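Work through the exercises below with the structure in view. Try each task before reading its solution.

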2 protein chains.
Amino acid sequence: MARKTGSHSEITGPKIKQSALELFARYGFAAVTMRQIAARVGVQAGAIYNYTPDKQALLFDLLHGNMADLLTRWGEEQVPSNPVAALDHFVAFHLDFHIQRPQLVFISYMELRNLTEENFKAIEEKRSRYEKIVYDMILKGVRSGDFQVPDAKITSFALLATLTGVVNWFREDGRLSSEELTRQYCALARQTLGVNALA
Amino acid sequence: MARKTGSHSEITGPKIKQSALELFARYGFAAVTMRQIAARVGVQAGAIYNYTPDKQALLFDLLHGNMADLLTRWGEEQVPSNPVAALDHFVAFHLDFHIQRPQLVFISYMELRNLTEENFKAIEEKRSRYEKIVYDMILKGVRSGDFQVPDAKITSFALLATLTGVVNWFREDGRLSSEELTRQYCALARQTLGVNALA
DNA sequence: ATATTAACTGAACCAGCGTTCAGATCAATG
DNA sequence: CATTGATCTGAACGCTGGTTCAGTTAATAT
């Protein structure tokens, strides 16, 4: 037997991506086999190659799609001009985006070294674009006097590490709702950036 | 030919650990082969098994040794009783420890999922011991009124993420010396913990 | 000088890897 | 109903993986 009843490109394609994502997140890219991915889709390994040229492309598409999505969505946001409001807005955006795709976020900074040099550069370029957004936002607040930080660059790294680190422990059914989480982190971020409470 | 001139157990043993560490840090545990490690030591793959039962043990020994080292050293520290001074002390300690072993730190939270379930638990147990130290330190400062934070648990995660994230970008020959780095991060940590400047 | 042993080689084992492809099957088209 | 093309199977390919081990060598002890 070969082709199964009801098999369809529009179903198998996304299923492969999804299965690869789940397995990469759980076991790591290098430890996952094409046969494992296929089994989860309910297909033989060879069928995967109708949808992707190779395993590497499977990883790259996931990471690249994620970064592109992140930048696109931020581009669509209406960012307040007031630095403190902008900070709140960014914190909420970043947390929301990351909490909604924990696996994607996880492999996005876990599997970077399994990318081809060329593919790595493409991701890295997008990533530094995002880092620059944060840095510029902080710089603006420092210049306006709304923020007070020891070092703008270090603070930008600290803020990103803090926010992204959330995926390591946050669970939808945990102690905090995502709304509370956002509120807490906005307060924390303001404190870290030295926002004067009286402003 | 077999045994090489000048070959010695006391040399080969550490060399294997060191080579494994470097390769795991660079390419990831799953992507590194025993033959690669052996080649870097200047030995055949089979010789490695005189020093370790298997590849898994090679990884576990590195991670476990690192955590044990971390806890032991913190235990030897003389921690000030004043909460703010204790915070500064912890920041300096954590940064110093992590900057001195960037590769070990890197694999310590990159390769956790490549551990056996049993081995994972052993590491996890030590890790939460360390997290508890930070949490307790923050709680103490909050109770004494030295710290003001939105949420002690979240703040402890944020502080650890911030400090540990340093290894992702810090270079010995970069813009900042390690002394300056410590100073900046102490200031940042105080701000994050809401230390009253007038206290 | 001889015997003993720790340290290592080199070759092999088998399982599993990513990938390819001829052929089978089903859905859609006319 | 016959044909076509997209979709998938099943088996194979060459290779490499971790691990084992009989045998070789060099250092040490006698």
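The exercises that follow concern a predicted model and the interface between its two domains.

**Exercise 1.** State how chain A is divided and how far apart the centres of its domains lie.

*Solution.* Step 1: domain 1 of chain A covers 1-52, and domain 2 covers 54-192. Step 2: the C-alpha centres of domain 1 and domain 2 of chain A lie 30 Å apart. Step 3: to the contact, domain 1 of chain A brings 16 residues and domain 2 of chain A brings 14 residues.

**Exercise 2.** Describe the area buried between domain 1 and domain 2 of chain A.

*Solution.* Step 1: the buried area is about 1,300 Å². Step 2: carbon and sulfur atoms give 73% of this area. Step 3: of the area that domain 1 of chain A buries against domain 2 of chain A, 44% is supplied by Leu21(A), Phe29(A) and Thr52(A), more than any other three residues.

**Exercise 3.** Which polar links cross the interface, and which helices and residue classes make up the domain 1 side?

*Solution.* Step 1: between domain 1 and domain 2 of chain A, the rule finds 0 salt bridges. Step 2: across that interface it finds 4 residue pairs in polar contact, both residues at pLDDT 80 or more. Step 3: on the side of domain 1 that touches domain 2, α1 (9-27) and α2 (34-41) of chain A each supply at least two residues. Step 4: α1(A) gives the most to that side, with 8 residues. Step 5: sorted by class, this side of domain 1 of chain A has 11 nonpolar, 3 polar and 2 charged residues.

Methods
Residues numbered from 1 in each chain as written. Chains lettered and ligands numbered in written order. Predicted model: local features only at pLDDT ≥ 70, side-chain atom pairs only at ≥ 80, totals over all residues. Heavy atoms only, no water. Domains from an automatic or database assignment. Contact = heavy atoms within 4.5 Å. Buried area = accessible area lost by both parts, 1.4 Å probe. Salt bridge = Lys/Arg side-chain N within 4 Å of Asp/Glu carboxyl O. Polar contact = N/O pair within 3.5 Å; in protein donor to acceptor, adjacent residues only side chain to side chain. Helix = DSSP H or I, 4+ residues; strand = E, 2+ residues; numbered from the N terminus. Nonpolar A, V, L, I, M, F, W, Y, C, P; charged D, E, K, R; others polar.
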